[in-house]
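Hi,

Here is the model I promised to pass on. Have a look at it first, and then read my notes below.

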Amino acid sequence: SLPSVTHATDADLDIVVEMCNPHEGVKALDVATGGGHVARRLRELGAEVVTTDAASGMKPDAVCRAEDLPFADGSFDVVVCRIAPHHFDDIGQAVGEIARVASRTIVIEDTQYTAEEVEAVAAQIEALGRKSMAVAADVADERQMSRLFQRIQRLFGRLDFVLANAGVNGVWAPIEERSEERRGGKECRSR
């Protein structure tokens, strides 16, 4: 199959890599690595990276589902999963496994979820007796972000990780075919 240009070069890749804070001495796990774009970038910045994917054809270090990670608790400084959680059979179990094997940082990003699906995951987490909060917000709106972090501080006291669902506009078409309104009023170009 041909590599996805979007997966390999989209701006969110830079953001996800930056959030991982990769450098020499950092041990990272790339869950559902796919084409290995995150893993490659983390390695280029000095991190030691282990990859997993349920598909052996992706040539991961470990073939496994995200819901069944074969690593000890706290094995990795950073656990990252980009543009993959919508493929998981049980996102709640996968997030639990990711949290279990991470010792410091968790970065999960996927733009394929609806608000209802995110609310369902929050309900699963609460059913386990844990606090959860699902939020739809515009990360470009400083007031929304300020209110969001105030809510987080009140409910949890701190922020451990974010499952970001930024950029979904409900239109599956090349960016050139989207209206100005659908592009958020900003100049956009496809790569």
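Before the rest, one to try by eye: is alanine 32 buried or exposed? Keep in mind that this is a predicted model.

Alanine 32 turns out to be buried, because its relative accessible area is 19% and the cut-off for buried is under 20%. I picked this residue for its backbone: alanine 32 has a positive phi of about 60° without being a glycine. You'll find alanine 32 in the loop that links β1 (27–30) to α3 (37–44).

Lysine 59 makes a nice partner for that one. Lysine 59 isn't a glycine either, and its phi is positive too, at about 55°. Its place is in the loop between β2 (48–53) and β3 (62–63). Here the side of the cut-off changes: lysine 59 is exposed, since its relative accessible area is 71% and exposed starts over 50%.

Now the cores. The largest nonpolar core has 23 residues. Leu29, Val31, Leu69, Phe71, Val79, Phe88 and Ile98 are the ones with the most contacts inside that core. Two or more of its residues come from each of β4 (76–82), α4 (91–101) and β5 (102–109), and α4 gives the largest share, with 5 residues.

If you want a single residue to start from, try isoleucine 98. Leaving out residues up to four places away in sequence, isoleucine 98 touches Val31, Leu69, Val79, Cys81, Ile106 and Ile108. There is also a second, separate core, this one of 14 residues, and Val17, Cys20, Val26 and Val49 are among them.

Val17 comes up again with a charged residue, arginine 41, in helix α3. Which residues does arginine 41 touch, not counting those up to four places away in sequence? The contacts are Leu13, Asp14 and Val17. Arginine 41 is itself buried, because a relative accessible area of 19% falls under the 20% limit.

Last, the cysteines. How many disulfides does the structure hold? The count is 0. Two of the cysteines are worth a click anyway: cysteine 64 counts as buried at 11% relative accessibility, and cysteine 81 counts as buried at 0%. Cysteine 81 is also one of the residues that isoleucine 98 touches.

That's what I have so far. Shout if anything looks odd on your screen.

Cheers

How values were computed: Residues are numbered from 1 along each chain as its sequence is written. This is a predicted model: local features need pLDDT of at least 70, side-chain atom pairs count only at pLDDT 80 or more; totals for chains, interfaces and linings use all residues. Side-chain values use heavy atoms; hydrogens and water are left out. A nonpolar core is a set of buried Ala, Val, Leu, Ile, Met, Phe, Trp, Tyr and Cys residues joined through side-chain atoms within 4.5 Å. Buried means under 20% relative accessible area, exposed over 50%, partly exposed in between (1.4 Å probe, protein chains only). Helices (H or I, at least four residues) and strands (E, at least two) are DSSP runs, numbered from the N terminus. Contact means heavy atoms within 4.5 Å. A disulfide is a pair of cysteine sulfur atoms within 2.5 Å.
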